[in-house]
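Q: Please take a close look at the charged side chains here and at how they pair. I would like them set against the overall fold, with the cut-offs stated for each term.

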Amino acid sequence: MRRALEIAKKGFTHPNPMVGALIVCDGKVLSEGFHSRAGMPHAEREALRGIDASGATLYVTLEPCSHHGRTPPCTDAIIESGIRRVVCAMRDPNPLVSGIEILRDAGIEVEVGLLGDEARRLNEAFVTSFEKGRPFILSKCAATLDGKIATSSGESKWISSEESRDYTRSLRGRFGAICVGIRTVLADDPSLGAPRGPDPLRVILDSTLRIPPDSCVLRDSNALVITTERYDRDAFATLEDRGVAVAVCGREKVDFKGAVAHLFEKGIRSVLVEGGGEVHASAFASGLVDRVIFIYSPRIVGGAAAPGMVSGPGIGALRDAVRLEDVEVSRIGADICVTGRVQTRE
């Protein structure tokens, strides 16, 4: 099962889950398979391709699908293959899936729960979309040791190491959307592309439509500008003429909750927040952030005017602070990486 979880990570499957599968018989691995991309064959069918699986055991990281989507049910292929036993790490949160019951009714032995926590962590986004009815939100930020994302003069390239930048860019291909604020676009003109996997939808929060029409993030139709009722009418017309999608969410300031709900309606199941301090402040204030990745460069720049990782009005009492659990600390190059799951408030 650990091997199945490992190979599952090879896929870039949004909005589908990452899934890995192994066929084992008499203690020997006959084949492996993983779901590579939405619309492509599922892990079970990949593992079953071209082998005799009669009497074998299937290890799979997620309950086999039992419904027709873009691909046929995996339960049909498993039953037809002669598989004797199926071990799956977790049930599928999709209510349309009843693969375990179907396999058991067909006389196949099914065990559920092996490395279940690891399987849920692998597909946090997929699970969140069904259990909470909204996209999974990851807040990612890089700063100096004293929490600054730029100097007082605005210099920010590059605070983090090249290894850290490569790591965080590699995350993009696993998300349905990447979100930044207009200040990031004006300051850096980023491309927000993914070096591996499909490019996420580029989402820019811009309350008055200050975004230049020739910005790199608007290079094609895979972009969405979210604004407010204060938007500039001429700017809206210009963007509309260029085929840029614009959505209004909020009156004075972009409503982050409203923006996330709009993305969910568009089929987005995971959002990587990479914006500056104001965007991160809005995200945390919404109470929708599920996980954080904060990367700290071993530098100290100081300065009251230097922008921080999370700005906005902040909180007045420590009891209201966002708390993390399952915190892990690691090294990426010279930098310190802190990850954790946002603790749900009772």
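A: Taking contacts in the protein chain between residues at least 6 apart in sequence, where contact means heavy atoms within 4.5 Å, 66% join residues at least 24 apart. The model is predicted, so local features need pLDDT of at least 70 and side-chain atom pairs count only at pLDDT 80 or more, while totals for chains, interfaces and linings use all residues. Residues are numbered from 1 along each chain as its sequence is written, and side-chain values use heavy atoms, with hydrogens and water left out.

The secondary structure of the chain comes to 11 helices and 14 strands, these being DSSP runs numbered from the N terminus (helices are H or I, at least four residues; strands are E, at least two). The radius of gyration, taken over C-alpha atoms, is compared with a globule rule of 2.2 Å times the number of residues to the power 0.38; for 346 residues a compact globule would have a value near 20 Å, and the 22 Å of this chain agrees with that. Of the 346 residues, 50% count as buried, where buried means under 20% relative accessible area, exposed over 50%, and partly exposed in between (1.4 Å probe, protein chains only). The chain exposes about 16,700 Å², of which carbon and sulfur atoms supply 49%; the areas come from the Shrake-Rupley method with a 1.4 Å probe, and for residues only the protein chains shown count as cover.

Turning to the charges, there are 44 positive and 46 negative side chains, and the centres of the two sets lie 3 Å apart. Lys and Arg count as positive and Asp and Glu as negative, whereas His and the chain ends are not counted; the place of a charge is taken as NZ of Lys, CZ of Arg, CG of Asp or CD of Glu. Side chains of opposite charge can pair when their charged atoms come close. A search of the whole structure finds 23 salt bridges, each defined as a side-chain nitrogen of Lys or Arg within 4 Å of a carboxyl oxygen of Asp or Glu.

One of these joins the side chains of R85 and E109, with an N to O distance of 3.8 Å. Because R85 lies in strand β4 (residues 85-88) and E109 in strand β5 (residues 109-112), this pair ties together parts that are 24 residues apart in sequence. R85 is buried, at 18% relative accessible area, whereas E109 is partly exposed, at 38%. The two residues also belong to a network of salt bridges that links R84, R85, E109 and E111.

A second pair is formed by E252 and R230, whose closest N and O atoms are 3.5 Å apart. Here loops are involved: E252 sits in the loop between β10 (245-248) and α10 (256-265), and R230 in the loop between β9 (223-227) and α9 (233-241), so the bridge ties together parts that are 22 residues apart in sequence. E252 counts as exposed, at 55% relative accessibility, and R230 as partly exposed, at 39%.

In a third pair, the side chains of D326 and R341 meet with 2.4 Å from N to O. D326 belongs to strand β13 (residues 324-332) and R341 to strand β14, so parts 15 residues apart in sequence are tied together. D326 is partly exposed, with a relative accessible area of 44%, and R341 is likewise partly exposed, with 30%.

Strand β14 (residues 335-342) also holds D335, which is buried yet has no salt bridge; the nearest side chain of opposite charge, R299, is 6.7 Å away. Leaving aside residues up to four places away in sequence, D335 touches S160, S161, S164, I295, Y296, S297, P298 and S330.

Strand β14 appears again around helix α6, since the cover of the buried residues of that helix includes α5 (116-122), β6 (136-144), α10, β12 (291-297) and β14. In α6 (residues 124-131), the buried positions are E124, F126, V127, T128 and S129.

One further acidic residue deserves mention for its backbone: D189 has a positive phi of about 45° although it is not a glycine. D189 is placed in the loop between α8 (182-188) and β8 (201-205), and is partly exposed, with a relative accessible area of 35%.
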